[in-house]
Amino acid sequence: MFKTRLFIPGPTPLTPEVQKALSSPMINHRGPEYEALQKEVLENLRKVFKTSNRVVIFPSAGTGGMEAAIVNFLSPGDKVICASIGVFGDRFASIAKTYGADLIKLDFPLGKAIDPEELKACLDAHPDAKALLMTHNETSTGVTNDLWAIKEVIGDRDILWIVDAISSLVAIDLPTDELGVDVVVGGSQKAFMIPPGLSFISVSEKALENSERAKMPRFYFDVRSMLKSMERNQTPYTPALPQLFALREALRQILEEGLENVQRRHRMVAETIRRGVKAIGLNIFGEERFASNTVTAIYNPEGVDVRKLRAFLREKFGVVLAGGQGAIQNTIFRIGHLGYVDVMDALTVLSALEIGLKKQGFPLELGQAVRAGEEYIAEEVQ
Ligand SMILES: Cc1ncc(COP(=O)(O)O)c(C=O)c1O
């Protein structure tokens with residue numbers, strides 16, 4: 001028997017209940033069973049988005065949700081500020097540019113979070129900007145932006161605030177309504193603990209008004225047709241039934257555990273991993289006060305061939321880690337820890353890492369990382 005243990009930032013492991021739900025028989029998507037399914041899923045999605053705004057589900061990768069978050073609310077020529085701290089911020093900018101936005105790109109050094117002062121200067125310089133695009137949790141660098149600091153900078157400016165929360169939603173707190181985020185994008189294969197293939201977007205009243213005027217082309221991703229059908233608990237086209245069965249189950253599990261407990265679990269798992277890797281002399285990439293609770297980016301240790309390390313862990317223990325992306329592809333590796341994960345998983349990945357590093361000749365004493373992680377857990381659960 002060989003067990004695969006995914007420590008990548010999505011797709012994430014599935015609970016047994018979700019796996020079972022995925023093999024449910026098909027139903028008539030125009031019948032009452034479907035209507036009940038969609039109603040429950042949308043109600044529960046609103047709870048995890050912490051919003052009374054409407055939430056729309058698209059059968060698509062997360063990138064489809066990002067595209068929907070742009071094309072529905074903007075017109076070609078609209079000035080759009082995109083604050084990017086990595087690969088996924090860059091992707092948001094590319095989508096806006098593809099659809100003809102007048103893009104103002106505000107780049108921050110990789111490993112850093114958005115600097116509110118710089119953002120403020122940019123917003124002041126472009127009072128006519130229609131939207132601010134940003135990533136909540138930049139998966140490529142393991143950095144989480146401080147949304148409260150951004151909210152303060154936005155103040156009462158008349159700008160649509162559009163946030164890609166694909167790798168944070170559920171795992172890291174994002175109180176959509178309290179923050180006043182107009183459009184939040186989520187993706188299924190992350191902390192939702194279901195397979196890839198669904199994106200979610202929440203739409204504020206202001207965004208909804210914009211959707212009537214927006215001129216960017218759209219058909220499949222049109223939130224207006226989706227919302228119209230959704231009023232009848234229907235969809236304009238065939239919904240991704242297995243995904244929705246899985247989502248219903250996963251949301252029940254998330255809400256049964258309690259969103260706060262889910263987020264505390266993610267904090268503990270992340271901190272266990274951070275303490276462990278630091279105890280063996282590895283360095284976390286990026287500013288640690290913004291370190292993500294869903295993905296940890298670590299500098300490749302000196303003298304270690306990280307490709308070989310990752311291959312060893314995968315082949316020997318089924319432990320799958322992620323490499324770097326973009327400009328820092330060969331500078332870092334990443335441990336994903338979101339969704340169906342607990343502190344024992346954190347200790348598992350630390351012990352595997354210790355063994356793999358030792359095998360590569362990296363100087364360490366077996367048990368150092370696990371001990372540091374365990375000491376932290378003991379402090380936390382006192
Ligand atoms: C922050 C963020 N945005 C967008 C995406 C894109 O999602 P997808 O690959 O499902 O299109 C990802 C995927 O890793 C992500 O982490």
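This is a guided tour of a predicted model of a protein chain with a ligand, one selection at a time.

**Stop 1: the whole chain**

Show the full protein chain as a cartoon. You should be able to find 14 helices and 13 strands. The radius of gyration is 21 Å, close to the 21 Å that the globule rule gives for 382 residues, so the chain is as compact as a globular protein of that length. If you draw a box around the C-alpha atoms along the principal axes, its sides come to roughly 60 × 55 × 40 Å.

Now think about what is inside. Of the 382 residues, 49% count as buried. The contacts also say something about the fold: take those between residues at least 6 apart in sequence, and 73% of them join residues at least 24 apart.

**Stop 2: the seven-stranded sheet**

Next, colour the strands β2, β10, β9, β8, β5, β3 and β4. In that order they make an open sheet of seven strands, with mixed pairing. Which strands sit at the edges? They are β2 and β4 (residues 102-107), and each of them pairs on one side only. Turn the sheet so you look across the strands: ignoring direction, neighbours are turned by 20° against each other on average.

A bit of background before you zoom in: strands of a sheet pair through backbone hydrogen bonds, either parallel or antiparallel.

Start at the β4 edge. Select strand β3 (residues 79-84) together with β4; the two run parallel and are joined by six bridges. To see one of these pairings, pick Ala-83, whose bridge partner in β4 is Leu-106.

**Stop 3: strand β9, inside the sheet**

Now select residues 183-187, which form strand β9. Is this strand buried or exposed? Five of its five residues are buried, so the strand is largely enclosed by the rest of the structure. Show the residues one by one and you'll see two faces: Val-183, Val-185 and Gly-187 point one way, while Val-184 and Gly-186 point the other way. Residues on both faces are buried.

β9 is a nice place to compare the two kinds of pairing:

- With strand β8 (residues 160-164), β9 pairs in the parallel sense over three bridges. Select Val-163 and look for its bridge partner in β9, Val-184.
- With strand β10 (residues 198-203), β9 runs antiparallel, and five bridges join the two. Here, select Gly-187 and find its bridge partner in β10, Ser-199.

**Stop 4: the four-stranded sheet**

Hide the seven-stranded sheet for a moment and colour β1, β12, β13 and β11. These make an open sheet of four strands in the order β1-β12-β13-β11, again with mixed pairing. Here β1 (5-7) and β11 (295-299) stand at the edges, each with a single partner strand, so one side of each is left without a neighbour in the sheet. The twist averages 30° from one strand to the next.

Zoom in on β11 and strand β13 (residues 332-336). They run antiparallel and are joined by five bridges. For an example, click on Tyr-299 and then on Ile-332, its bridge partner in β13.

Keep the sheet on screen and add helix α12 (residues 306-317). This helix packs on the sheet and touches both β12 (319-323) and β13. Compare the direction of α12 with that of β12: the two make an angle of about 155°.

**Stop 5: three spots in the loops**

Go to the loop between β1 and α1 (16-22), where you'll find Pro-11. Look at the peptide bond from Gly-10 to Pro-11: this bond is cis, with omega near 0°.

Then move to Lys-50, in the loop between α2 (32-49) and β2 (54-59). Lys-50 has a positive phi of about 50°, although it is not a glycine. It has 19 C-beta neighbours inside 10 Å, so Lys-50 counts as partly exposed.

Asn-233 also has a positive phi without being a glycine, this time near 55°. You'll find Asn-233 in the loop between α9 (223-230) and α10 (241-257). With 16 C-beta neighbours inside 10 Å, Asn-233 counts as partly exposed.

**Last stop: the ligand**

Finally, select the ligand and show what is around it. How many residues surround the ligand? There are 14, and the closest are Ala-61, Gly-62, Thr-63, Thr-139 and Ser-167. Colour this shell by class and you'll get five nonpolar, eight polar and one charged residues.

Conventions. Residues numbered from 1 in each chain as written. Predicted model: local features only at pLDDT ≥ 70, side-chain atom pairs only at ≥ 80, totals over all residues. Near = placed C-beta within 6 Å. Nonpolar A, V, L, I, M, F, W, Y, C, P; charged D, E, K, R; others polar. Rg over C-alpha atoms; globule rule 2.2 N^0.38 Å. Buried ≥ 20, exposed ≤ 12 C-beta atoms within 10 Å, placed from the backbone. Contact = placed C-beta atoms within 7 Å. Pairing = 2+ DSSP bridges. Axes fitted to C-alpha atoms, helices over the stretch in contact; angles between N-to-C directions.
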